[in-house]
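User: Please take one part of this model and describe it closely, then follow its surroundings outward. Which residues face inward, and what lies around them?

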Amino acid sequence: MRVDLHNHTYLCKHASGTIESYVLQAIEKGIDIFGFSCHNPMDYDEKYRMGFEEFDGYTKEVLRLKQKYQDKIEILLALEMDFLPHRMELLDKRLLDTPLDYLIGSVHFLDDWGFDNPEFIGEYKKRNMRECWMEYLECIKKMAESKLFQIVGHFDLLKVFNHTPPKEVFFKIQEVLQVLAQNQVALEINASGLRKPIGEQYPSREILQEAYNLGVYITFGSDAHQQEHVGFGYETCRQLAQSVGYHQAVFFRNKKRFVYDF
Ligand SMILES: [Zn+2]
Ligand SMILES: [Zn+2]
């Protein structure tokens, strides 16, 4: 079975394509279960997300398509939510309480630095990367401990512009993966890194191997921001997962976990 749980639409403002065009592409690619996970509306970084007034339309359109194509594909309704430990009030209770299939928790900011945005790439020169990695991993850990999210998005996103984690932080990576295992939060294999300067999926083979050893669940996501990205890099990610020992992955309906063979 083939599942893809991480996909954006034009509602995120930095993505394109109608919601229906993604569904048609997913059917064409032979995907069995396809999840929409647009960025959550939030009073922060509004340039890259839907507004609260659009959220209703998003859920209605995804649910309409779920019905329309139910014989061909299973559509899931989700959100990718930003986690900022210093701004917990941004985690909107209305969204947390909305019946969704799952929430992907993601860290895209250190303090208020959007580190994966090419617009702010100059900031890297001013930073100590060992400290940044420690801070980033601590955010991921807090996010997993919050139990608000079913999935951790792009676990090692901070490497996006080729700042891979230094050896001295590997103990911290292990610690965070242990927290994922304990809290049964899934680790996403996200293909979008293959399209970025780093040129590899999130997470790295080394991290994925450690996750497997610790018994962490995995999911697959193409993190599509346009129709052509749907299903992109899946074969690479699937083979990588198998090569470290995984033969099963998970998905979620109504925030309940289901295990499947891939
Ligand atoms: Zn993301
Ligand atoms: Zn995303």
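Analyst: A residue is buried under 20% relative accessible area, exposed over 50% and partly exposed in between (1.4 Å probe, protein chains only). Helices (H or I, at least four residues) and strands (E, at least two) are DSSP runs numbered from the N terminus. The model is predicted: local features need pLDDT of at least 70, side-chain atom pairs pLDDT 80 or more, while totals for chains, interfaces and linings use all residues. Residues count from 1 along each chain as written, chains from A and ligands from 1 in written order, and side-chain values use heavy atoms, without hydrogens or water.

The part chosen is helix α6, residues 205-214, where Ile207, Leu208, Glu210 and Ala211 are buried. Viewed down the axis of α6, these buried residues fall within an arc of 160° (taken from the directions from the helix axis to the C-beta atoms), so they line one face of the helix. Glu206 and Asn213 are exposed on the other side of α6. The buried residues of α6 pack against α5 (170-183), β8 (186-190), β9 and α7, a contact being heavy atoms within 4.5 Å. Glycine 215 follows α6 and has a positive phi, near 80°.

Two of these packing partners lead to a metal site. Aspartate 223 is in the loop between β9 (218-221) and α7 (234-244). The zinc ion (ligand 2) is coordinated at 2.0 to 2.3 Å by Asp223 (OD), Glu80 (OE), His6 (NE2) and His8 (NE2), where donors are N, O and S atoms within 2.8 Å of the metal (3.2 Å for Na, K and Ca), and sites may look incomplete since water is not among the atoms. The spacing of the donor residues in sequence is H-x1-H-x71-E-x142-D. Glutamate 80 bridges this zinc ion (ligand 2) and the zinc ion (ligand 1), 3.4 Å apart. Histidine 8 lies in the loop between β1 (3-4) and α1 (19-28), so histidine 8 and aspartate 223 tie together parts of the chain 215 residues apart in sequence. Histidine 8 is buried, at 0% relative accessible area, and aspartate 223 is buried as well, at 5%.

Another packing partner of α6, helix α5, is preceded by a loop with an aromatic residue. Phenylalanine 161 is in the loop between β7 (151-152) and α5, while tyrosine 124 is in the loop between β6 (113-114) and α4 (129-145), 37 residues away. Both tyrosine 124 and phenylalanine 161 are buried. They belong to one aromatic cluster with Trp113, Phe115, Trp133 and Tyr136; rings of Phe, Tyr and Trp (its six-membered ring) pair if their centres lie within 6.5 Å, as stacked under 30 degrees between planes, edge-to-face over 60 and tilted otherwise.

Two members of this cluster, Phe115 and Tyr136, also touch valine 107. Valine 107 sits in the loop between β4 (102-106) and β5 and is buried, with a relative accessibility of 0%. Leaving out residues up to four places away in sequence, valine 107 also touches Phe83, Cys139, Ile140, Met143, His154 and Leu157. Its C-alpha atom is 7.8 Å from that of glycine 153, a residue 46 places away along the chain.

Under the ring rule above, the model has 16 aromatic pairs. One of them is edge-to-face: tyrosine 44 and phenylalanine 109, at 5.1 Å centre to centre with 80° between the planes. Tyrosine 44 is in the loop between β2 (33-39) and α2 (52-68) and phenylalanine 109 in strand β5 (residues 109-110), so this pair links parts of the chain 65 residues apart. Tyrosine 44 is buried at 10% relative accessibility, and phenylalanine 109 at 8%.
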